Amino acid sequence: QVQLVESGGGLVQAGESLRLSCAASGSIFSINSMGWYHQAPGKQRELVATITSEGSVSINYADSVKGRFIISRDNAKHTVYLQMNSLKPEDTSVYYCYFDVRLNRPLRPRYVYWGQGTQVTVSS
C-alpha cells in the first residue's frame, strides 16, 4: 500500500502565495506521474498540474493557473510540490495530490493513490 500526506494549505489574501507538499510512502517500485487536482463545493474534481517522474520531464497545467503556479518534484523523497503564486479568490478549493505508481510487488501492478485533501482559501 501507499500513503500520501499533504500539507501547506491555509487561508491567505488575494495576491499572496502558498506552497503545497505531498509526500508518498510505502511499497513504491516506480512513479509514472504525480500532481494536483482541486475540487470546489458542488463541482467535479479538476486538474491543476501534473508532472512525470522518470526520464524527461513532462509538465501540464490547467489554463487557469499557467504563469502563477509551479509544480515540482523530489524523486528521492517521493514528494511533489505546488507553488501557488498570485492567488485569486477563485482558487479557493480543496486541493488533492495524486501519485500514479507501480507497486513493489510481483507483476508490478499500477495504481493511482490520492491524498486526503488540503483546503486553500483565498480572501479578496
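**Aromatic rings and an exposed loop residue**

Visitor: Does Tyr98 count as buried or exposed, and what is the ring pair it forms with Trp114 called?

Guide: Tyr98 has a relative accessibility of 9%, and buried means under 20%, so Tyr98 counts as buried in this predicted model. Its ring centre lies 5.7 Å from that of Trp114, with the planes at 45°. Planes under 30 degrees apart count as stacked and those over 60 as edge-to-face, so an angle of 45° makes this pair tilted.

Visitor: How many aromatic pairs does the whole structure have?

Guide: The search covered the whole structure. The number of aromatic pairs found is 4.

Visitor: What kind of pair do Tyr37 and Tyr98 form, and how many residues apart in sequence are the parts it ties together?

Guide: The ring centres of Tyr37 and Tyr98 are 5.8 Å apart and the planes stand at 75°, so the pair is edge-to-face. Tyr37 belongs to strand E4 and Tyr98 to strand E9, so the parts tied together are separated in sequence by 61 residues.

Visitor: Which residues form one aromatic cluster?

Guide: Trp114 is partly exposed, with a relative accessible area of 38%, and Tyr37 is also partly exposed, at 22%. The cluster is formed by Tyr37, Tyr98 and Trp114.

Visitor: Where does Gln44 lie, and is Gln44 buried or exposed?

Guide: Gln44 is in the loop between strand E4 and strand E5. Its relative accessible area is 67%; exposed means over 50%, so Gln44 is exposed.

Visitor: Over which ring does the charged end of Arg19 sit?

Guide: The charged end of Arg19 is 4.1 Å from the centre of a ring. That ring belongs to Tyr81.

Technical notes: Residues numbered from 1 in each chain as written. Predicted model: local features only at pLDDT ≥ 70, side-chain atom pairs only at ≥ 80, totals over all residues. Heavy atoms only, no water. Helix = DSSP H or I, 4+ residues; strand = E, 2+ residues; numbered from the N terminus. Buried < 20%, exposed > 50% of the residue type's maximum accessible area, 1.4 Å probe, protein only. Phe/Tyr/Trp six-rings, centres within 6.5 Å; stacked < 30°, edge-to-face > 60°. Lys NZ or Arg CZ within 6 Å of the ring centre and 35° of its normal.
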